[in-house]
Amino acid sequence: MERSSTPSGGSTRREATRQKLYEAAVTLIAEQGFSATTVDEIAERAGVAKGTVYYNFASKSVLFEELLRHGVELLTASLREAAERTDRDGGTKVDALDAMIRAGLVFISRYPAFTQLYVAELWRTNRTWQSTLMVVRQQAVAVVEGVLREAVAGGELSDEIDVQLTAAALVGMVLVAALDWQSFQPERSLDDVHSALSRLLQGRVSGNNR
């Protein structure tokens, strides 16, 4: 799972190592679960010594917490970039929401194992990283909230919309629809799935019957 910008100086090598560990951890945990995955397996899959794991992360739990944070931050950045790009191109706020839906689908198709883990962990209450997960989740939802508020302020959307709940619903819609697509309808193209969700957005949020 790559960052959107390249680290500079002496941090480059360490960042590359952490990326390898993220990739190894997310794949293994998706395959066999968190409890069954060992640090030895993560190190072997990443092609590094076991000590390298502990040099970068204090424990397996810390590694997984940082993995969740890293992944959701990448998703958040993708959503923000999609909205900003639409704005630069002169699109409406509803267009920006549609672009964010596509960005979310692209992210999930690129990182399906991470998305499966993220959705599963949202429903767990006994993890040490639960508070971290809630914080980073809210960061992603807040990006959508911001665009919705601007759409309401600009008259594109009704001021009767519950912005907070609608933002959470849109993020959830993309996550669930994309996982269903990846698991049960893999023959469908990204364009096809995006088109279906786009029509839902236009009909349910904007009130446009196109």
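**View 1. A look into the second largest pocket, lined by Tyr118, Val119, Leu122, Trp123, Arg137, Val141, Ala168, Val171, Gly172, Leu175 and Val176.** Three helices, α6, α7 and α8, each give two or more residues to this lining. Which of them gives the most? That would be α8, with five residues. The space inside comes to about 160 Å³. Sorted by class, the lining has nine nonpolar residues, plus one polar and one charged. Keep in mind for this view and the others that the model is predicted.

**View 2. Helix α7, one of the helices that line that pocket.** This helix runs over residues 130-153. Its 24 residues should span 34 Å at 1.5 Å a residue, and because its end C-alpha atoms are 34 Å apart, the two figures agree. Look for its buried residues: Gln130, Thr132, Leu133, Val136, Ala140, Val141, Val143, Val144, Glu145, Val147, Leu148 and Ala151. What do they pack against? Their partners are α4, α5, α6 and α8. Just past the helix sits glycine 155, with a positive phi of about 85°.

**View 3. Zooming in on valine 144, part of the largest nonpolar core.** That core has 64 residues, and Val144 is listed with Met100 and Leu105 as having the most contacts inside it. Eight helices each supply at least two residues of this core: α1, α2, α4, α5 (93-110), α6, α7, α8 (163-184) and α9 (190-204). Which residues does valine 144 touch, once its neighbours within four places in sequence are set aside? Leu79, Leu97, Met100, Ala167, Leu170 and Val171 are the ones in contact with it. Val171 has turned up before, as one of the residues lining the second largest pocket.

**View 4. Helix α1, from residue 11 to residue 32.** Here 22 residues reach 31 Å from the first C-alpha to the last, close to the 32 Å expected at 1.5 Å a residue. Quite a mix of residues is buried along this helix: Glu15, Thr17, Arg18, Gln19, Leu21, Tyr22, Ala24, Ala25, Val26, Leu28 and Ile29. Follow them outwards and you'll find them packing against α2 (39-46), α3 (50-56), α4 (60-88) and α6 (112-122). After α1 comes glycine 33, which has a positive phi, near 90°.

Key: Residues numbered from 1 in each chain as written. Predicted model: local features only at pLDDT ≥ 70, side-chain atom pairs only at ≥ 80, totals over all residues. Heavy atoms only, no water. Helix = DSSP H or I, 4+ residues; strand = E, 2+ residues; numbered from the N terminus. Expected span 1.5 Å × (residues − 1). Buried < 20%, exposed > 50% of the residue type's maximum accessible area, 1.4 Å probe, protein only. Contact = heavy atoms within 4.5 Å. Core = buried A, V, L, I, M, F, W, Y, C linked by side-chain atoms within 4.5 Å. 1 Å grid on protein atoms, 1.4 Å probe; cavity = no way out; pocket = protein on both sides within 12 Å on 5 of 7 lines; lining within 4 Å. Points joined across faces, edges and corners; volume = space filled by probe spheres on them. Nonpolar A, V, L, I, M, F, W, Y, C, P; charged D, E, K, R; others polar.
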